[in-house]
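Biologist: Can you pull up the model so we can go through some side-chain contacts?

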Amino acid sequence: MGEFLRYAGLDWLAMTLSLLSVYLLGNKNRAGFLVFAGANATWIFLGLTWMTSLGIAVGNTVFLFMNIRGFVNWRKNDPS
């Protein structure tokens, strides 16, 4: 059981937010980008602190900026 809570549940939170964001984006809900950004911020924190994984931190930093860009540009191609 200890392995499941190794990172105080933050890894489970980040995973849940990631999956929720994919669901929201699949339903064309712009909030999915913000939820994904929250997941990215959590993964960045974990990567830089408890997991000490620069790859997780760098990858999610890139994803974070892509999600912010997606949120900002969501309506750019909307014909209405």
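Modeller: What follows is a short run through charged and aromatic contacts in this predicted model.

Biologist: How many salt bridges does a search of the whole structure find?

Modeller: The search finds 1 salt bridge. Glu3 and Arg6 form it through their side chains, at 3.5 Å from N to O.

Biologist: Are Glu3 and Arg6 buried or exposed?

Modeller: Both Glu3 and Arg6 are exposed.

Biologist: Aromatics next. What is the count of aromatic pairs?

Modeller: The count is 3 aromatic pairs. Among them is Phe4 with Trp12, a tilted pair at 6.0 Å centre to centre with 40° between the planes. Phe4 is partly exposed at 49% relative accessible area, and Trp12 is partly exposed at 39%.

Biologist: And why is the pair of Phe33 and Trp74 edge-to-face?

Modeller: Because the planes of Phe33 and Trp74 stand at 75°, and over 60 degrees counts as edge-to-face. Their ring centres are 5.5 Å apart. Phe33 is in helix H2 and Trp74 in the segment after H3, 41 residues apart, so the pair links distant parts of the chain.

Biologist: Which of those rings is buried?

Modeller: Phe33 is buried, at 14% relative accessible area. Trp74 is partly exposed at 26%.

Biologist: What sits over the ring of Phe71?

Modeller: The charged end of Arg30 does, 3.8 Å from the ring centre.

Biologist: Different spot: where is Met51?

Modeller: Met51 is in the loop between helix H2 (31–48) and helix H3 (54–72). Leaving out residues up to four places away in sequence, Met51 touches Tyr7, Asp11, Trp43, Leu46 and Ile56.

Conventions. Residues numbered from 1 in each chain as written. Predicted model: local features only at pLDDT ≥ 70, side-chain atom pairs only at ≥ 80, totals over all residues. Heavy atoms only, no water. Salt bridge = Lys/Arg side-chain N within 4 Å of Asp/Glu carboxyl O. Buried < 20%, exposed > 50% of the residue type's maximum accessible area, 1.4 Å probe, protein only. Helix = DSSP H or I, 4+ residues; strand = E, 2+ residues; numbered from the N terminus. Contact = heavy atoms within 4.5 Å. Phe/Tyr/Trp six-rings, centres within 6.5 Å; stacked < 30°, edge-to-face > 60°. Lys NZ or Arg CZ within 6 Å of the ring centre and 35° of its normal.
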